[in-house]
Amino acid sequence: MTNQVQDKFVRLWIFSHHIYNRKKREEIVKIAHDYDLNGFCLPGKPGIICVEGSEDSCFNWWKIIKNMNWKKIVIRKTETFDDSVRIKEQKFSNFEEIVFQNSNKKNSDMSAFSKFIDDHGLSHIFNDLFNLS
């Protein structure tokens with residue numbers, strides 16, 4: 001008798017020194033779609049990426065993304081859930097790049113980002129992303 005391993009639902013929170021490069025930004029979104037992941041990419045400085053989906057898909061996506069040329073990119077937090085609660089825990093319905101009205105070409109609007117994650121029921125993550133505890 002084989003043990004059937006239930007897939008996990010995972011949300012990765014990724015912090016980058018910056019995300020400016022147009023090609024890299026397009027690849028982040030394209031590869032997330034290829035792996036059927038949800039979440040967002042916030043370009044600028046700092047750059048923030050959130051991907052959610054099956055554990056295998058998230059970590060296969062991450063293997064590709066982390067091997068791109070980065071000044072700094074790290075997974076700041078991994079949230080893991082049993083797949084049975086995916087419907088309750090999934091916060092995004094697709095993967096897209098987000099840009100806020102008050103962001104300039106280089107810097108992300110952290111106030112708008114904080115409101116964005118609050119609106120998605122994820123306010124608990126802000127301090128973890130920026131090492132503010």
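Is R76 buried, partly exposed or exposed? R76 is partly exposed, with a relative accessible area of 22%. The structure is a predicted model, and this briefing goes through its strands, its helices, its nonpolar cores, its cysteines and some single residues.

**R76 and its surroundings**

- R76 is part of strand β4.
- Leaving out residues up to four places away in sequence, R76 touches W13, I14, F15, D128, L129, F130 and N131.
- One of these contacts, N131, is 55 residues from R76 along the chain, yet the C-alpha atoms of the two are separated by 8.6 Å.

**Strand β3 and its partners**

- Eight of the eight residues of β3 are buried, so this strand is largely enclosed by the rest of the structure.
- β3 pairs with β1 in the antiparallel sense, and eight bridges hold this pairing.
- β3 also pairs with strand β2 (residues 38-42), again antiparallel, through five bridges.
- V51 of β3 appears in both pairings: V51 is the bridge partner of L12, and V51 is also the bridge partner of G39.
- β2 and β3 form a hairpin with four residues between them.
- In the turn of this hairpin, G44 has a positive phi of about 110°.
- The loop between β2 and β3 also holds P46, and the peptide bond from K45 to P46 is cis, with omega near -5°.

**Helix α2**

- Helix α2 covers residues 55-66, which makes 12 residues.
- From its first C-alpha to its last, α2 reaches 16 Å, close to the 16 Å expected at 1.5 Å a residue.
- The buried residues of α2 are S57, C58, W61, W62 and I65.
- These buried residues lie on the same side of α2, because they cover an arc of only 130° around the axis.
- The buried residues of α2 pack against four elements: β1 (8-16), α1 (22-34), β3 (47-54) and β4 (73-82).

**Nonpolar cores**

- In soluble globular proteins, nonpolar side chains tend to be buried together.
- The largest nonpolar core here has 20 residues, and I28, I49, V51, W61, I65 and F95 touch the most other members.
- β1, α1, β3 and α2 are the elements that give two or more residues to this core.
- Another core, of 17 residues, lies apart from the largest one, and its members include W13, C50, F92 and I117.
- I28 has contacts with I19, C41, I49, W61, I65, W70 and F95, not counting residues up to four places away in sequence.

**Cysteines**

- How many disulfides does a search of the whole structure find? The search finds zero.
- For C50, the closest cysteine sulfur is the one in C58, at 8.5 Å, and this is too far for a bond because a disulfide needs the two sulfur atoms within 2.5 Å.
- The closest cysteine sulfur to that of C58 is in turn the one in C50.
- C50 is buried, with a relative accessible area of 0%, and C58 is buried too, with a relative accessible area of 0%.

**Residues in helices α3 and α4**

- E89 sits in helix α3 (residues 86-89).
- With a relative accessible area of 15%, E89 is buried, since the cut-off for buried is under 20%.
- Not counting residues up to four places away in sequence, E89 touches F9, R11, E52 and F81.
- M110 is in helix α4 (residues 110-119).
- M110 counts as partly exposed, at 22% relative accessibility.
- Setting aside neighbours within four places in sequence, M110 is in contact with L42, P46, F126 and F130.
- M110 and N38 are 72 residues apart in sequence, and their C-alpha atoms are 21 Å apart in space.

**A loop residue with positive phi**

- Where is D36? D36 is in the loop between α1 and β2.
- Phi of D36 is near 60°, which is a positive value in a residue other than glycine.
- D36 counts as exposed, at 62% relative accessibility.

Terms used
Residues numbered from 1 in each chain as written. Predicted model: local features only at pLDDT ≥ 70, side-chain atom pairs only at ≥ 80, totals over all residues. Heavy atoms only, no water. Expected span 1.5 Å × (residues − 1). Buried < 20%, exposed > 50% of the residue type's maximum accessible area, 1.4 Å probe, protein only. Arc of directions from axis to C-beta. Contact = heavy atoms within 4.5 Å. Pairing = 2+ DSSP bridges. Core = buried A, V, L, I, M, F, W, Y, C linked by side-chain atoms within 4.5 Å.
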